[in-house]
Amino acid sequence: MNANKDFLKKGTTILTTKPFAYVLSSKYSRDRCDHCLRSGKLSKCSACQCVYYCNRSCQQDAWSIHKTECPKLKKVLPKVVPDMARLMTRIIIKLKQGGGEEMGYYSETSYRKFKDLMSHYSDIKKDKERMEHFMCLCGILNELFENEPMPSYVELTAIYGRICINSFNIFDLDMNSIGVGIYLAPSIIDHSCMPNAVATFEGPTITIRTIVDLPCLDWSQASSFSAKISYIDVLKTTKDRRMELQNSYYFWCNCKKCEQPELMAEAAMCPNKSCTHPCSPDTDTCTKCGTEFPEKFKDTFHEISDFTAYHLQSMKDMAYLDVSKVCLKKQEGVLHPLNIQHVQTLQSAFDSTISLQHWEEAESYAKRLTNGSLLYYGEVHPLTGILYLMIGKIQLYLGKPKQALEPLKRAKSILIITHEEKHTLVKEHLKPLLHQAIMEDF
């Protein structure tokens with residue numbers, strides 16, 4: 001831990017650790033190594049035909065768990081075991097091998113074991129949707145562990161609860177979720193919608209780094225932890241963030257951000273095109289310039305907001321450019337440019353242009369996204385840094401090295417704090433692009 005007696009500087013690594021257990025998402029099973037999670041040339045496990053490895057070393061390192069998992073996966077072919085069932089299977093196997101004694105240290109003397117993770121057992125038992133999911137998983141586990149000793153129903157419920165409450169989504173270099181893992185020591189860190197630390201990944205290894213200067217408190221006491229990460233994507237209204245946290249983690253968030261009024265998140269555009277003041281959609285007059293809103297503006301605003309919400313939900317798993325464009329067109333002159341729904345729609349449009357390789361449009365949407373990213377994620381955040389990196393990368397591809405320099409430099413100033421200099425994202429992706437931009441401009 002890089003700290004002095006008084007504070008932890010931003011960019012300080014608080015924790016870095018390998019997972020207690022993890023799984024690669026099944027949709028990436030043919031594209032990424034099941035052990036190190038890297039993409040590239042892969043070889044299939046000849047026994048189960050389900051998992052792929054990039055080399056023999058990864059296969060050997062994974063064998064302690066996979067040797068028990070392998071025949072189970074083979075037995076249920078051609079069925080694909082759901083990710084959650086597979087993670088539970090791996091945890092059961094690991095606990096049977098004595099993994100319950102594994103210790104994840106978060107200070108020199110303090111640690112957590114798997115049994116120390118909160119399970120929210122009573123909340124899970126009362127959660128109808130989660131219990132239905134759990135019962136489905138039990139059916140799969142009974143098939144996988146047929147004629148083998150299994151943990152009791154209560155123990156299985158506790159394992160399921162610990163996964164629901166403590167798991168981390170594992171992200172690739174572009175911040176796409178590619179798997180799920182349980183990390184013992186990092187599970188002690190609390191949530192804030194205004195995080196002062198972030199989790200990043202190098203393969204399955206997690207690193208928690210500060211993004212602001214923090215007071216150096218007694219890290220041996222969980223209640224004294226000054227570092228907070230965000231458990232969810234904070235590009236949501238306070239109402240939606242609180243609902244998601246309540247439904248997923250069973251707590252009502254009272255962080256500073258949730259307690260402050262949201263002036264921008266649901267703001268309307270002032271009818272005066274030269275005024276950029278965020279207005280309440282329920283007001284009759286702009287409080288800054290005094291311009292009156294047209295009759296029935298409230299109805300129009302809420303109709304467009306509902307229309308956008310419906311389509312954003314429908315595009316949750318796949319962004320569509322034409323749908324995003326329709327939403328953006330309707331929002332014009334009605335939703336403020338920093339209204340969360342507008343920013344979310346821009347993100348959807350950007351994602352779809354990247355998928356379609358429409359680079360000129362991608363550049364335009366990315367530039368329009370920057371103010372929203374800075375407002376909702378903050379200046380020092382992985383997603384803000386990666387957005388600047390993407391802008392620079394696209395501009396280089398479009399033959400604009402002079403324009404690419406500024407966003408790439410901004411990306412570097414952010415990502416060396418969130419990821420550090422030696423991270424693959426900085427070392428193998430950002431720095432070569434920055435060098436290319438400098439040379440091409442020269």
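Hi everyone, let's start with a pair of residues: Val198 sits opposite Arg209 of strand β12. What you see is a predicted model, in which local features need pLDDT of at least 70, side-chain atom pairs count only at pLDDT 80 or more, and totals for chains, interfaces and linings use all residues. Residues are numbered from 1 along each chain as its sequence is written, and side-chain values use heavy atoms, with hydrogens and water left out.

Now to the strands, which are DSSP runs of E with at least two residues, numbered from the N terminus, while helices are runs of H or I with at least four. Strand β11, residues 197-202, runs antiparallel to β12 and is joined to it by 6 bridges; pairing here takes at least two DSSP bridges. The two strands make a hairpin with 2 residues between them, and Gly203 in that turn has a positive phi of about 65 degrees.

β12 has another antiparallel partner to show you: strand β2, residues 13-17, with 4 bridges. There, Leu15 faces Ile208 of β12.

So, is β12 buried or exposed? All 6 of its 6 residues, 205-210, are buried, so the strand is largely enclosed by the rest of the structure. Buried means under 20% relative accessible area, exposed over 50%, and partly exposed in between, using a 1.4 Å probe and protein chains only. In a regular strand, side chains alternate between the two faces of the sheet. In β12, Thr205, Thr207 and Arg209 are buried on one side, and Ile206, Ile208 and Thr210 on the other.

Finally, Tyr153: this residue belongs to helix α5, residues 153-166, and counts as partly exposed because its relative accessibility is 36%.
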